[in-house]
Amino acid sequence: MLAACGSSGSSSPKKGGDIYFAEGAGASPNYIFPYMGCAYFSVSNINQFQFEMYRPLYWFGLAASTAVQYPLSSADAPVFSSGNKTITMTMKNWKFSDGTTVNAESVMFFLNMYKADPTSYCGYNKGFGIPDQVASATGTGNTVTLHFKAAVSPNWILYNYLSELSPMPEAWDKTSASALAGSGGCAAGTWGAVATDTKCKAVEKFLDAQALKISTYTNPMWQTVDGPWKLHSFDALGDATLVPNKTYSGPQKALVNAVYLRSFTTAAAEESELYSNKLTIGFVDPSVLPGPAPSIGAVGPNVPILKGKYNLVTGTPWSFNYSPINFSSKDPKSAELKQLYVRQALQESINQASIVKSVDKNYGVITCSPIPPNTPTSISATVPCAYAYNLTQAKQLLTDHGWSVQGGVQTCTRPGSSPTECGAGISSGATLSFAIIWASGIPSLDETLNAEISAWQSIGIAVSHTTGSFDNVVAQCDGGSFQLCMWGAGWIYAPDYYPSGETLFTPGGSFNPGAYSDSQMNSLVQQSVSEDVPLTSYGNYAAKQLPVLWEPNTTATAEFAVNLKGVTPLNPLQNFMPEYYHY
């Protein structure tokens, strides 16, 4: 699956040295508090920033694996009982950097806040998992116990909900910067009690306000960590310096002196730093590579100026790529987008195979459903593409449903709700004209979307576009003010690692920006999380129903300095784990 980028060559790693790591173009960290909304729920904030300092209760992913890693987790494996209605978790007595223990109360701090204000956390899915399916939660000493209202699928609850629990220190449990640690009363409160909810909301309000001010990130409160790193500096651009947490309780201690996270507005600016040998780990856009990869998961020739200095590495992430579609009645084009035949015409105009070959230079995979391409058959069988690229068929679909090209744009000439008419809510003279926003500064993404717009235009679908930074595009998509949007990185299943659809495609899902809702989809999702059944039926239905447009998924084209040792393969979860690196 992945190519290694060096090995230690020694049983006694050398200590010292620094690592310079490139953040994604326009995707600098902009939120430090692990309890966050969907506008901040990104790899740049979680996997490559927060996780360095604040470790989740259970750690997932190491080297090429996406599996739970109990040695790297602050709790032992959860114990299921009472017919999978009760879960007991025992903490390992690890320490925060201020000397306090990562204990049951640290976990209850997160759980109590989750119960008090679930919709503020992006992992929340109404009616699913934690907290909605929990009847009671208690934490005493080193033991956390959850009682569920009904039996839950162990893998699903572990990989999608226990995975998101983040123990929080007593130092954060307060409502003002000058208040005493623990004075907020959220961590010690009774789960679900009105008094606890009130206290937790007050604490959350303070912590959220602090997290929105990057000037606070180096304050003592945020320096109370349980991960292998502490934040030494952070500036307005998103540049950060991490230094080792010398009291880290986990098995892998940091070996280098510091990690410098470098911010960039464009891929070209980051590549310039690589060419000047100023980065240890960076990335190149496929457009600058001199030739294609021989096959998926393999690497082709590197940029000539980087040869001998960097090793080109690739991998297949645990993700899929897509463009959300806005189905909300508030959007003026929702009536058109709600028609499956319109979505089918849009999808059949996307030449994924050509884009992967010509734009991504084989550093990409075709997306046909929300099931990742490397999914084990125990989770789901392979889901085939429901709609192949076919411009002639795409245009005929529109003709068959009462559209004709007038002034270069498909125009409704047979309004109505019969199978040969435009569809409900679409008036005579309506046009198939949409707007899309995507992340700027990434040449391959620009080329991909421009090719799609050209294909849509060739069959009479007019699509205008705007661009913005990655962070801004995610925020705009999450806010629902779009018709089509694409931030370029798709959806990686992290920190909700099981590829079920309650987050994305149910009405109460935390990241369903297009307000997609379908009863059959709801039933399939519900079955997949309450029973131990494969996700194949769900994946096939999603492929055919097009709740989103499936887009080619670019795989990593990363560059690792040749003198960096102990480098594991690129992790499919995009975890950045610099404590394993050395010179």
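How many cavities of 30 Å³ or more does a search of the whole structure find? The search finds three. I will come back to one of them after some words on the model and its core.

This is a predicted model. Mean pLDDT for the protein is 95, with 98% of residues at 70 or more. The stretch to treat separately is residues 1–10, where pLDDT is below 50. In the model, that stretch still has 28 contacts beyond near neighbours in sequence.

Now the core. The largest nonpolar core has 164 residues, and the members that touch the most others are Phe33, Ile130, Trp172 and Trp222. Helix α2, residues 104–116, gives the most to this core, namely nine residues. Take Trp172 as an example. Setting aside residues up to four places away in sequence, Trp172 touches Phe33, Pro34, Tyr54, Phe109, Val203, Leu207, Met221, Trp222 and Thr224. There is also a second, separate core of 13 residues, with Leu274, Leu279, Val284 and Ala561 among them.

Back to the cavities. The second largest has a volume of about 110 Å³. Fifteen residues line this cavity, and those nearest its centre are Pro34, Phe51, Tyr121, Glu164 and Ser166. Its lining has ten nonpolar residues, three polar and two charged.

Next, a single residue. Ser163 sits in the loop between α4 (154–160) and α5 (194–211). Is Ser163 buried or exposed? Its relative accessibility is 1%, so Ser163 counts as buried. Beyond four places in sequence, the contacts of Ser163 are Pro56, Tyr58, Phe60, Leu158, Pro495, Asp496 and Tyr497. Tyr497 is 334 residues away from Ser163 in sequence, yet their C-alpha atoms are 7.8 Å apart.

Last, the pockets. The largest pocket holds about 350 Å³ of space. Which residues are closest to its centre? They are Tyr159, Trp318, Pro376, Ile379 and Tyr498, out of 21 that line the pocket. Two elements, β3 (65–69) and α4, each give two or more residues to that lining. By class, the lining of the largest pocket has 14 nonpolar, six polar and one charged.

The second largest pocket holds about 250 Å³. Its lining has 15 residues, with Ile371, Pro372, Pro373, Thr382 and Val383 nearest the centre. Nine of the lining residues are nonpolar and six are polar, with no charged residues.

Note on methods
Residues are numbered from 1 along each chain as its sequence is written. This is a predicted model: local features need pLDDT of at least 70, side-chain atom pairs count only at pLDDT 80 or more; totals for chains, interfaces and linings use all residues. Side-chain values use heavy atoms; hydrogens and water are left out. A nonpolar core is a set of buried Ala, Val, Leu, Ile, Met, Phe, Trp, Tyr and Cys residues joined through side-chain atoms within 4.5 Å. Buried means under 20% relative accessible area, exposed over 50%, partly exposed in between (1.4 Å probe, protein chains only). Helices (H or I, at least four residues) and strands (E, at least two) are DSSP runs, numbered from the N terminus. Contact means heavy atoms within 4.5 Å. On a 1 Å grid over the protein atoms alone, a cavity is a set of points where a 1.4 Å probe fits but cannot get out, and a pocket is an open set with protein on both sides within 12 Å along at least five of seven lines; lining residues have an atom within 4 Å of a point. Grid points are joined across faces, edges and corners, and a volume is the space filled by probe spheres set on the points. Ala, Val, Leu, Ile, Met, Phe, Trp, Tyr, Cys and Pro count as nonpolar, Asp, Glu, Lys and Arg as charged, and the others, Gly among them, as polar. pLDDT is the predictor's confidence in each residue, from 0 to 100.
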